[in-house]
Every structure is written in C-alpha cells, then in structure tokens.
Amino acid sequence: MKPIRLGMIGGGNDAFIGGVHRIASRIDGRFQLVAGALSSTAEKSKASGAALGLAEDRCYGDFTEMAKREARLKDGVEAVAIVTPNHVHYPAAREFLKRGIHVICDKPLTSTLADAKKLVAAAEKSDALFVLTHNYTGYPMVRQAREMVRQGDIGNVRVVQVEYPQDWLTDPVEADGSKQAEWRTDPERSGAGGCVGDIGTHAYNLARFVTGLQLESLAADLTTFVEGRRLDDNVHVMLRFDGGAKGMLWSSQVAPGNENGLRLRVYGDKGGLEWAQEDPNYLWFTPFGEPKRLLTRNGAGATAGNQGASRIPPGHPEGYLEGFANIYNEAADLIVAARDGKMPDHLLPTVQDGLEGVAFIDACVRSSKRDAAWVKL
Ligand SMILES: NC(=O)c1ccc[n+]([C@@H]2O[C@H](COP(=O)([O-])OP(=O)(O)OC[C@H]3O[C@@H](n4cnc5c(N)ncnc54)[C@H](O)[C@@H]3O)[C@@H](O)[C@H]2O)c1
C-alpha cells in the first residue's frame, strides 16, 4: 500500500517536536512527508522545506495557502501534522478539517478553552479524523498498566500519584534566546498555563488513560519561581476522582536534576503499579502481601496491548520514538479504514481528550487564583 501523503505545519529548522513527528511517521513506513508550511515566516518556511527535500511548489508560505492548494491537488496531502506553538493549533487545524484533511496535532489542544471548544465543533463537523499526540499513551508498559487496571489486578483504585518534573527552566532562559522557552512563557502563545499546560497535561492525560477515572474536582497551587517569568513554572494539584479515589499531580520545570521525569504510581485495594518514563520498558506490579514483580516490555506476562505496541524482543530498549511511532501507526490504521467509511476501535487520544486537557489547565488556573480552592473542570 502506498504511504499516506503527509503535510506538516511547524517543525521548521531548529524546531524540536517536528523532527520527532517526522521520524515517528516514518518508522513503520506508512507516511511520506510531501508538503509543509514549516515556519512562522514565508521565507523561513520555504527554506525549511527545501532543507527537508520537499518539492519547491509544496513548500508553502503559510498554512492557509497550503490548505487551499493541497485540497485542490489530485495527489494533495491526506493528513497534516500540526507541531507549532499552542496558539496556532486551532486556526491551522480548522483550515484542514474544513477541507476533509485528517489532522494529527500536538498537545495541548489549543491555547484557550474557547478555541478548544471551537476545535471540537470543527472536528465533529468534519469527515476527517483528529488525533492528539499524547504520545505517552503509546508506550507498551503504559498499555499494559491500563489493561491490568481494567482487568482488576490492583482492585479498586484508591490513590493516583503522577508527576512530571523537568529542570530546563530553572534559569530565565527565555530572556537568553531559547525559542522553545520564549513562546512557552508567553501567555499569548502558550495559554494561561505555563508548566501546567506544557507538561502537566501529559501527566493528567497519562493518569486518566491508565486508570480510566473521571476527575470530580481539583485544587491547584501554581507558582512562578523565576523572577520576571509570566507563567507558572511549578504546580501542585490535588485531585478528587468520581468514586472516591484521590490523587496528586506535580509538574515542574525548575527541579534541578530532572530531565523528563514523568512517573505514575497507582494503588488499589489489591495492589499497585509503578511506571517511569525514563525507564519505560519496565512496570512494577506490587500485589499486596506478595513480592514485587518487575514486568517487562514484550516479556513474560505481557498483555496483548504490551505485545501489540512492541516492535522488538524484550531486553532491547524501546522508548520515546517508538512510543510516538505507535500513535502514527495507529493513526494510519484509522486513515486507511476511513477510506472505506469505517471507524475501528482504537486507543488514540481524541479531540475530546484535548478539550479535557485544556479544561484541566483552565481549572488549575481558576483554582490557584482562589488560593487553591476546590473547583470542577
Ligand atoms: N508530545 C510531546 O512530547 C511534545 C514535546 C514537545 C513539544 N510538544 C508540543 O509541540 C508543539 C511545538 O513545540 P516545539 O517544542 O517543537 O516548539 P518549537 O518552538 O521548537 O517549534 C515550533 C515551530 O513552529 C513554527 N511556527 C510558529 N508559528 C507558525 C505558523 N503560524 N505556521 C507554521 N509554523 C509556525 C516555528 O517556526 C517552529 O518551527 C507545542 O504545541 C508543544 O506543546 C509536544
């Protein structure tokens, strides 16, 4: 089968996640990048496209021009990856969705709750698919944890501890020319949440994906430790779930020594599960009263979800890129099925998950402004 023709918005020279999306889309050979509006100016956009070897007439000055022309081409893009700063997600996605072109968009869904709602409406109105790259849901051991919770291995969930600490914003690097830091600390481009939006949403989505619990209310304490910074760089959130489970979420970008320390611990009345993104091929299972068991990626005791998301035998490490590629591979399954009007069951994060993530940010900001009062999503 021919690869799916992919376009990209953002991900120009010097960008971070665009390159990851390009690698992830190629790992299983199911996509081919054929067009792009890769940067914020027409000149940089075209130079970035040329550097990637795209045809000159498929390197566009902006995403609107690209959407209009690609929709008219016989071999135009079938899907686009949106990998710009947050405030561009909605206007770019809208242009492609309204022309029936599938969208694979990075998180958080949008920079405002109003845009998130408009994007949900645009996705619902469109025949095209919308996939949100909460990439940690693609890891084999995360899939296994989800299945173990569902099959009752840890009993009724009581406690959810999730954290995502980093340290790269410990100093005011946004004032020293770090592009990535600059837009992430600008409320106009990032949204009302800083660290809570950038990585807190990953932690929240991971907890929701694994436990399936619905949030009832939260109390958040957002802090800006670095002087002059315009958005939070550390957040502590207490979580109350439907059914009585309790949780805590910590995300920080000012915790020296932490790189991408995403970690989830879930405890039920029969046992617990512990997973850490920096050691992603392993999952601790702690049945109460028994020795701890270390479960491995694609190893003995692997669930169907673990096996299905693994590419190579146990013991050879897989990680960030392969987990990301699982999202692309499953998006390709959906795109191929959609050609025949089908919509198979899937685990991919949706536009609704994206709306929930933005509602989580909004609730954290509202709560923190009221001295960490309990608020609903
Ligand atoms: N899933 C993940 O693990 C993960 C990791 C990092 C970033 N992200 C998300 O990916 C997005 C990009 O983050 P990044 O770190 O790569 O940022 P970045 O600053 O490195 O790259 C952003 C790119 O978008 C381009 N751009 C800006 N405005 C544009 C426009 N109007 N049209 C076309 N291109 C435009 C910039 O020129 C740049 O090339 C953000 O939404 C971020 O939250 C997700």
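Outside its neighbours within four places in sequence, G194 is in contact with R184, L231 and D232. The structure is a predicted model. The points below cover G194 and its surroundings, the ligand site, helix α4, and the residues N234 and W374.

**G194**

- G194 is placed in the loop that runs between α8 (187–190) and α9.
- The relative accessible area of G194 is 4%, and G194 is buried, because buried means under 20%.
- G194 and R229 are 35 residues apart along the chain, and their C-alpha atoms are separated by 9.7 Å.

**Ligand site**

- The ligand takes up the space of the largest pocket.
- The ligand is surrounded by 30 residues, of which I17, N86, K107, Q180 and Y320 are the closest.
- Four elements each supply at least two residues of the shell around the ligand: β1, α7 (179–184), α9 (195–211) and α11 (320–339).
- Helix α7 gives the most to this shell, with 4 residues.
- Three polar approaches to the ligand can be checked in the model. A backbone N or O atom of T84 lies 3.1 Å from an oxygen atom of the ligand.
- On the side-chain side, a polar atom of N86 lies 2.7 Å from an oxygen atom of the ligand.
- An N or O atom in the side chain of N135 is 2.8 Å from a nitrogen atom of the ligand.
- The ligand taken alone exposes 850 Å², and the protein buries 92% of that area.

**Helix α4**

- Helix α4 spans residues 89–97, and 7 of its 9 residues are buried, so the helix is largely enclosed by the rest of the structure.
- Its buried residues are H89, Y90, A92, A93, E95, F96 and L97.
- Strands that help to cover the buried residues of α4 include β1 (4–10), β3 (79–83), β4 (102–105) and β5 (130–132).
- Helices also take part in this cover, including α3 (63–72) and α5 (113–125).
- Strand β1 thus has two roles in this account: β1 is part of what covers the buried residues of α4, and β1 supplies at least two residues of the shell around the ligand.

**N234**

- N234 lies in strand β8, which covers residues 234–241.
- With 6% relative accessibility, N234 counts as buried, because the limit for buried is under 20%.
- The side chain of N234 makes a polar contact of 3.4 Å with the side chain of H236.
- A second polar contact, of 3.1 Å, joins the side chains of N234 and W250.
- Beyond its neighbours within four places in sequence, N234 is in contact with C195, D221, L222, T223, F225, W250, S251, S252 and V254.
- W250 therefore appears both in the contact list of N234 and in a side-chain polar contact with N234, as contact means heavy atoms within 4.5 Å.

**W374**

- W374 is found in the segment after α12 (351–369).
- The relative accessibility of W374 is 32%, and W374 counts as partly exposed, because that class lies between under 20% and over 50%.
- Not counting residues up to four places away in sequence, W374 touches S217, L218, A219, M238, L239 and R240.
- W374 and L97 are 277 residues apart in sequence, and their C-alpha atoms are 36 Å apart in space.
- L97 is one of the buried residues of α4.

How values were computed. Residues are numbered from 1 along each chain as its sequence is written. This is a predicted model: local features need pLDDT of at least 70, side-chain atom pairs count only at pLDDT 80 or more; totals for chains, interfaces and linings use all residues. Side-chain values use heavy atoms; hydrogens and water are left out. Buried means under 20% relative accessible area, exposed over 50%, partly exposed in between (1.4 Å probe, protein chains only). A residue is near a molecule or strand if one of its heavy atoms lies within 4 Å of it. A polar contact is a pair of N or O atoms within 3.5 Å; within protein, one must be able to donate a hydrogen and the other to accept it, and residues adjacent in sequence count only if both atoms are side-chain atoms. Accessible areas come from the Shrake-Rupley method with a 1.4 Å probe; for residues, only the protein chains shown count as cover. On a 1 Å grid over the protein atoms alone, a cavity is a set of points where a 1.4 Å probe fits but cannot get out, and a pocket is an open set with protein on both sides within 12 Å along at least five of seven lines; lining residues have an atom within 4 Å of a point. A molecule sits in a cavity or pocket if more than half of its atoms lie within 2 Å of its grid points.
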